[in-house]
Amino acid sequence: METSHYLALLRGINVGGRNKVPMKTLKEHLEDLGYEQVVTYIASGNVLLESADPAEQVGRDIEAALTGSFDLDDELIKVLVLSRSQLQHVIDNKPANFGEHPGRYHSDAIFLMGIDAEEAMSAFNPREGVDRIWPGDGVVYSQRLSAERTKSRLSAIASSPLYKSMTIRSWNTTQKLWNLFQD
């Protein structure tokens with residue numbers, strides 16, 4: 001049976017000292033579930049793997065494994081599984097110059113889980129001159145002026161009920177994950 005390459009983005013683990021999941025243990029659990037070529041990247045919940053199952057099934061199985069094997073606040077846990085082409089689409093369709101000035105701007109890809117960008121945009125209240133956001137396909141691109149990041153309103157999205165349907169990765173991490181997908 002042919003396998004597909006996936007990126008699993010795990011929301012809600014290893015954040016602020018809560019929901020601790022050691023990456024080595026996670027990797028072993030996923031291999032025990034039958035996933036192949038499992039590679040984790042930094043402790044924020046990024047996993048590359050191969051599976052013959054469709055992405056939605058992989059996501060459900062990983063969520064069940066997380067909540068069944070680790071002592072976690074289940075309400076925070078959600079898994080988004082992307083194919084190589086979906087991640088490439090996020091990379092290829094970024095706004096012009098997005099992420100190209102890391103010394104000047106903090107740039108993030110906010111991946112959406114079960115909501116579209118139009119709905120997600122209502123959770124944001126960008127501060128003029130500090131924050132900029134752009135809707136994408138399955139993602140919201142967010143950029144903050146580094147010198148003014150303490151004035152950014154990005155963290156205010158955490159108070160929105162829609163925040164449970166989002167997982168944030170820095171643009172640097174997003175690009176690194178894309179590069180790992182190529183190996």
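**A sheet and the helix across it**

Okay, let's start with a pair of strands: strand 6 and strand 7 are antiparallel partners, joined over 5 bridges. Keep in mind as we go that this is a predicted model. One of the residue pairs here is Pro135, whose bridge partner in strand 7 is Val140. Strands 6 and 7 make a hairpin, with 3 residues between them. Have a look at Gly138 in that turn, with its positive phi of about 80°.

Now the other neighbour of strand 7. Strand 5, residues 105–112, runs antiparallel to strand 7, residues 139–145, and 7 bridges join them. Among the partners, Tyr105 is matched with Leu145 in strand 7.

So what order do the strands take in the sheet? It goes 6-7-5-8, an open sheet of 4 strands with antiparallel pairing. At the edges you'll find strand 6 (131–135) and strand 8 (166–170), each pairing on one side only. On average, neighbouring strands in this sheet are turned by 20° against each other, direction ignored.

Next up, helix 5. This helix lies across strand 5, strand 7 and strand 8, and runs at about 85° to strand 8. Does its length fit? At 1.5 Å a residue, the 12 residues of helix 5 (171–182) should span 16 Å, and the end C-alpha atoms are 17 Å apart, which agrees.

Which residues of helix 5 are buried? They're Trp171, Thr173, Thr174, Leu177, Trp178 and Phe181. Those cover an arc of only 165° around the axis, so they sit on the same side of helix 5. As background, an α-helix has 3.6 residues a turn, so residues three or four places apart point the same way.

Key: Residues numbered from 1 in each chain as written. Predicted model: local features only at pLDDT ≥ 70, side-chain atom pairs only at ≥ 80, totals over all residues. Heavy atoms only, no water. Helix = DSSP H or I, 4+ residues; strand = E, 2+ residues; numbered from the N terminus. Expected span 1.5 Å × (residues − 1). Buried < 20%, exposed > 50% of the residue type's maximum accessible area, 1.4 Å probe, protein only. Arc of directions from axis to C-beta. Pairing = 2+ DSSP bridges. Axes fitted to C-alpha atoms, helices over the stretch in contact; angles between N-to-C directions. Contact = heavy atoms within 4.5 Å.
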